[in-house]
Amino acid sequence: MNAIVLKLLGQRIALALLSLLAVSVVVFAITALLPGDAAQEQLGQDATPEALAALRVQMGLDVPGPLRYLRWLGGLLTGDPGTSSTTQLPVAQLIGSRLPNSLLLAAITALFSVPIALTLGIASAVWRGSLFDRIASSAAVAIVSVPEFLVATLMVLLFAVKLRWLPALSYVNDIESLGQLLKAFAMPVLSLCCVIVAQMMRMSRAAVIDQLEAPYIEMVRLKGASALRMVLAHALPNAVGPIANAVALSLSYLLGGVIIVETIFNYPGIAKLMVDGVTQRDMPLVQACAMLFCAGYLILVTFADICSIVANPRLRHR
Amino acid sequence: MTERHPIPNFVGSHDSERLMGALKRGATRRDILSMLLAGGMQAGLAGGLASTVMSAHAQTPRRGGRIKVAGATAAATDTLDPAKQSNQTDYSRCNMLYNGLTSLDGSLTPQPALAESFTTSDAKTWVFKLRPGVTFHDGKALAPADVVYSVMRHKDPATASKAKVLADQITSVTASGPAEVTVVLAAPNADLPVILGTFHFHIVKEGTTDFATGIGTGPYKLKEFKPGVRSLVVRNEAYWKPGKPYLDEIEFVGIGDESARVNALLSGGMDLVGSVNPRSVERVKGTPGFAIFTTQSGQYSDLIMRKDVGPGANPDFALAMKHLFDREQMKKAIALDHAVVANDQPIDPTNRFYFAGLPQRPFDADKAKFHLQKSGVTGKVPVVTSPAALYSVEMALVMQQTAQRIGLDLDVKRMPADGYWSNHWLNSPVGFGNVNPRPSADVLLTQFFQSDAAWNESRWKNPKFDQLLLASRAETDLAKRKQMYADMQTMIHQEAGIGIPLFLASIDGHTSKLKGMSPIPLGGLMGYAFAENVWLDA
C-alpha cells in the first residue's frame with residue numbers, strides 16, 4: 001500500500017506545484033491586460049502625469065513587468081510574498097489579518113453543512129423514490145437554484161431589519177462569548193449552507209445510489225443483511241471516493257467563492273481582500289491570494305484523492 | 001437636517017430667552033412651571049409649554065455615548081496620511097484625528113481653526129497666528145515647525161500627495177514667531193485660507209513619516225485602525241474646542257454595498273451611514289426612529305463635448321445638446337428630487353460666488369433642432385457613459401429619447417466603472433464626467449476650465465477667461481470678486497463644451513437620536529466633519 005500511495009501522493013504534489021506556477025503566470029499575465037495600473041487606480045480622476053510618475057516609483061511599478069514577476073517569484077520561494085504596491089504593507093500581514101476570518105467562516109460552515117448534507121444524501125438514497133426522498137431532492141434543487149445573494153438579502157431583510165433578531169453585518173471584532181459568535185455567524189453560515197448542502201447532498205445521494213444498484217449489493221441483500229448494514233458496511237465504503245470529491249469541491253468554494261456573502265455581511269474575509277486587490281491593481285496581493293486559493297483547492301482535492309485511495313480496498317491491500 | 005422646536009409664539013422672544021437661560025443655569029421643570037405661573041399663565045397651558053421648553057433644551061448637546069458609522073468604501077488602501085486621503089472614508093477618518101489651520105463652514109467660508117487668525121495685505125504673503133495651548137494627542141504642543149512640515153511635505157514628489165498641484169503655488173512656509181507662520185505664494189491667492197482648510201492640509205507632527213498612530217490635534221484619539229476593516233477612536237479629553245467632542249467613542253467602518261449599508265442602519269447595527277441611494281430614502285424615512293440628512297453640494301455629472309475633436313468642434317452642436325437636457329425630468333426621475341436643476345454653470349447655489357442672475361437654459365427641442373441643423377452634424381453620435389460618473393447612463397438615456405425627436409441619433413456607450421477615468425474620461429469626443437464638490441470656486445475653475453488645465457474636459461480655451469481667473473484670485477474685495485465670478489460663469493454657460501444638467505445631493509441616513517448635523521457642501525456626513533459636531537440624544 002505504502003509504495004503506491006506514496007508514489008500517487010508524490011505525483012499529486014508535483015502536479016500541484018506545477019499548477020501553482022502556471023496559475024501565477026496566468027494571473028500575472030491577465031492582470032497586466034487590465035486597463036490601468038495601481039498608480040492610475042489610486043489617483044483615479046486626480047491622475048496628473050507628475051503624480052502618476054511619483055506614485056509609480058513609490059510603488060515599484062517603474063520596473064518592467066517580467067522582471068517584477070521574477071522578483072516576486074524569487075521572494076515567494078524564500079517565503080516572502082512581497083509588499084502590497086498600494087498600501088506598502090507586507091502582503092503576508094494583509095493576508096494574515098484576513099485568512100483566519102475566512103478559515104473560521106469556512107470551518108463553521110463545514111461543521112454544519114457536511115454532516116447535514118451527508119445524512120440527507122444517504123438517507124434519500126436509501127429511501128429513494130419515497131416521499132422523503134422526493135421532498136428532500138426537490139428542496140435541494142430549489143435551494144441550489146436560488147442565487148446566494150438573494151437568499152442572503154432576504155434573510156437580512158427578515159431577521160435583521162424586520163425581526164431584529166440578528167445583526168445585519170457579521171462582526172468578528174467584538175466577539176467575546178459563544179452567543180455573540182452564533183449571532184454573528186448565523187446568517188452568513190446559513191446562506192452558505194443553503195448553497196453547499198444542496199450540492200453535496202445531491203452528489204452523495206447519486207454516489208450511494210450508484211453503489212446500491214451494483215450487483216454485489218444484490219448479493220448482500222440475498223445473504224440477508226439488514227438495510228442499515230447493507231448501506232453502512234457495504235455500499236458506503238465504496239462510495240467514499242465520489243463523496244469525498246463532492247465535499248472537497250464544495251469546501252474549496254468556501255475559501256474564495258464567498259465574495260457575495262462577504263459583501264452582503266461586510267465580513268472581512270480574504271475574498272473581499274482579493275477583489276479589492278484587483279480593483280486597485282495591487283499585483284502582489286492579487287497573486288498571493290490567487291496562489292492561496294489555488295493551493296487550498298489543490299490541498300482539498302488531493303486530500304479527497306487520498307481518502308478514496310485509502311478507502312479503496314483494492315488499492316489498500318495490493 | 002437640524003430640526004428646531006421653536007417655542008410657541010405666545011411667549012415673546014424675550015421670555016423664551018429668559019426661559020432658556022434659566023434652563024442653561026440648571027432650572028428644573030418645576031422652576032419653569034413656577035416662572036410661567038408667576039407670569040399669570042394658566043396651569044394646563046404652562047404645563048404643556050414647560051414640556052416644549054424642556055424638549056427644546058434637549059437640543060443642546062449631550063455628552064457621552066458611542067456611535068457606529070459606516071462610510072461607503074473600505075479597502076486595504078485606507079490611510080491615516082493626510083496627503084494620501086482619496087475618498088470620503090479617508091476624509092471622515094482623518095477629520096476625527098486631525099485639524100487644519102482653518103476649517104470650512106456651511107458656505108465654505110474659511111473659519112479659524114488651529115490658526116487663531118490669518119491676515120494678508122496683498123494676498124501673496126499670509127500670516128497665520130497659531131492658537132495657543134493646542135497639543136497633539138501625545139502631549140506635544142503645536143509649534144510653527146509642525147505647520148511648516150505639514151504644508152511643505154506636499155511639495156515633495158516623494159510624498160505623492162494628492163494636493164501637490166495646490167501646494168505648488170506655495171513658495172515658502174516659515175516660522176516667523178513663536179506662534180506664527182508666514183506663507184508666501186508664487187502669485188496672489190485670496191483663497192489660501194480655503195485651500196489650507198481642505199482635508200489634505202491637515203496638520204501633523206513635524207517629521208512624521210509613519211502615520212499608523214494617527215497622532216494629530218483632532219477631537220478624537222486613535223484606538224484601533226485596521227485598513228479595510230474598521231477604525232476606533234476615543235474622545236480627546238484635551239481637545240482645544242471647549243466642550244467638544246460630545247461622543248465618548250466612534251466606531252467607523254466602510255461598507256461598500258449600498259443595500260448592506262442601509263440594512264445595517266435599519267437593523268440598528270449602525271447609527272449613521274453615508275451615501276444612501278435616493279431609491280432607499282423612502283425606506284429609511286418609513287422606518288420609525290430613522291431620518292435622512294441631505295447635503296446639497298456642488299457635485300455634478302457633466303456632458304463633455306470636446307472642442308478640439310468630434311462634433312463638439314462646432315459650437316452649435318454643443319448648444320443643441322445643452323438645449324436637449326430635460327433637466328426637470330432628470331431631477332425627478334433620475335435623482336428622485338435629491339438634486340437642484342443646474343444651468344451649465346459649474347458653481348452651485350450653495351457657493352458664495354454662485355451667479356443667480358444667469359437666465360435658466362430651458363429644455364427646448366425647437367432650439368436644439370435649429371442649432372443641430374446649423375451645426376450640420378448628422379449620423380450616429382457616440383456618447384460615452386459609465387456608472388463611474390454618477391447617473392450618467394440614465395442621463396444619456398433620457399437625452400437619447402429627446403434627441404430622437406429632433407432626428408439626432410445618440411449612441412449611448414456604457415463603459416465599466418473600472419478604468420473609466422484613465423481610459424475614457426478626457427479621451428472621448430462626447431462623454432460624461434463627474435466633478436466632486438471643490439472647496440472653492442477658484443479651485444474648481446482652475447482645475448476644470450482654465451485653458452491649460454490638465455482636466456480641461458472640453459478643451460475650451462479662452463484667454464479672457466484665464467485673465468479674469470487670475471485677477472479674481474488676487475482680488476481681496478468680495479463684491480468685485482463676485483462680479484468676476486459672475487462673468488466667468490456666464491462665459492462657461494455660453495461657450496464651454498460642458499453641459500451641467502443637475503447639481504447632485506449627498507444623502508446620509510441616521511438614527512433620530514443622532515443630533516447636531518448641519519450641511520457643509522463639501523460632501524455628505526457634514527462635509528465629512530460630523531465626528532466633532534454630533535451627539536446622541538438620550
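## Close-up views of a predicted two-chain model

**View 1. A hairpin in chain B, taken from a predicted model.** Let's start with a facing pair: B:Thr119 sits opposite B:Val127 of strand S5(B). The two strands here, S4(B) and S5(B), run antiparallel and are joined by five bridges. Four residues lie between the strands of this hairpin, and B:Ala123 has a positive phi near 65° there. That's worth a second look, since most residues other than glycine have a negative phi. Is B:Ala123 buried, partly exposed or exposed? B:Ala123 counts as partly exposed because it has 17 C-beta neighbours inside 10 Å, and being buried would take 20 or more.

**View 2. The four-stranded sheet that holds this hairpin.** Zoom out a little and you'll find an open sheet in chain B, with its strands in the order S4-S5-S7-S6 and antiparallel pairing. Which strands stand at the edges? They are S4 and S6 (170-177) of chain B; each has a single partner strand, so one side of each is left without a neighbour in the sheet. On average, neighbouring strands of the sheet are turned by 20° against each other, if you ignore direction. In general, strands of a sheet pair through backbone hydrogen bonds, either parallel or antiparallel.

**View 3. Strands S6(B) and S7(B), with a helix packed on the sheet.** S6(B) and S7(B) (residues 180-185) run antiparallel and are joined by six bridges. If you want a pair to look for, B:Gly177 stands opposite B:Glu180 in S7(B). Helix H5 of chain B, residues 144-152, packs on this sheet and touches S5, S6 and S7 of chain B. The direction of this helix makes about 175° with that of S6(B).

**View 4. Helix H13 of chain B and what it packs against.** H13(B) covers residues 392-405. How far apart are its end C-alpha atoms? They are 20 Å apart, and this agrees with the expected span, because 14 residues at 1.5 Å a residue should also cover 20 Å. The buried residues of H13(B) are B:Ser392, B:Val393, B:Met395, B:Ala396, B:Val398, B:Met399 and B:Ala403. As a rule, an α-helix has 3.6 residues a turn, so residues three or four places apart point the same way. The partners of these buried residues include helix H10 (315-324), helix H11 (327-334) and strand S13 (300-305) of chain B. After the helix comes B:Gly407, with a positive phi near 75°.

**View 5. A loop leucine, B:Leu108.** You'll find B:Leu108 in the loop between strand S2 (102-104) and strand S3 (110-112) of chain B. Buried or exposed? B:Leu108 is buried, because 25 other C-beta atoms lie within 10 Å. Setting aside neighbours within four places in sequence, its contacts are B:Val194, B:Asn351, B:Pro439, B:Ser440 and B:Pro521.

**View 6. Two backbone oddities in chain B.** Here's the first: the peptide bond from B:Lys244 to B:Pro245 is cis, with omega near -10°. B:Pro245 belongs to the loop between strand S9 (230-235) and strand S10 (249-254) of chain B. The other is B:Leu525, which has a positive phi of about 50° although it is not a glycine. This leucine is part of helix H18 (residues 524-527) of chain B, and B:Leu525 counts as buried because it has 30 C-beta neighbours inside 10 Å.

**View 7. The largest nonpolar core.** This core has 147 residues, and those with the most contacts inside it are A:Cys289, B:Ile250 and B:Ala264. Which helix gives the most to the core? Helix H8 of chain A (residues 178-212) does, with 15 residues. Leaving out residues up to four places away in sequence, B:Ile250 touches B:Ile67, B:Val69, B:Met96, B:Tyr220, B:Val233 and B:Ala531. There's also a second, separate core of 60 residues, and B:Tyr300, B:Ala368, B:Tyr420 and B:Ile492 are among them.

**View 8. Where chain A meets chain B.** How many residues does each chain bring to the contact? Chain A brings 36 residues and chain B brings 32 residues. On the chain A side, H3(A) gives the largest share, five residues. Sort the residues of that side and you get 15 nonpolar, 17 polar and four charged.

Notes
Residues are numbered from 1 along each chain as its sequence is written. Chains are lettered from A and ligands numbered from 1 in the order in which they are written. This is a predicted model: local features need pLDDT of at least 70, side-chain atom pairs count only at pLDDT 80 or more; totals for chains, interfaces and linings use all residues. Two residues are in contact if their C-beta atoms, placed from the backbone, lie within 7 Å. Ala, Val, Leu, Ile, Met, Phe, Trp, Tyr, Cys and Pro count as nonpolar, Asp, Glu, Lys and Arg as charged, and the others, Gly among them, as polar. A residue is buried if 20 or more other C-beta atoms lie within 10 Å of its own, exposed if 12 or fewer, and partly exposed in between; C-beta atoms are placed from the backbone. A nonpolar core is a set of buried Ala, Val, Leu, Ile, Met, Phe, Trp, Tyr and Cys residues joined through C-beta atoms within 7 Å. Two strands pair if DSSP finds at least two bridges between them. Axes are lines fitted to C-alpha atoms, for helices over the stretch in contact, and angles run from 0 to 180 degrees between N-to-C directions. The expected span of a helix is 1.5 Å times one less than its number of residues.
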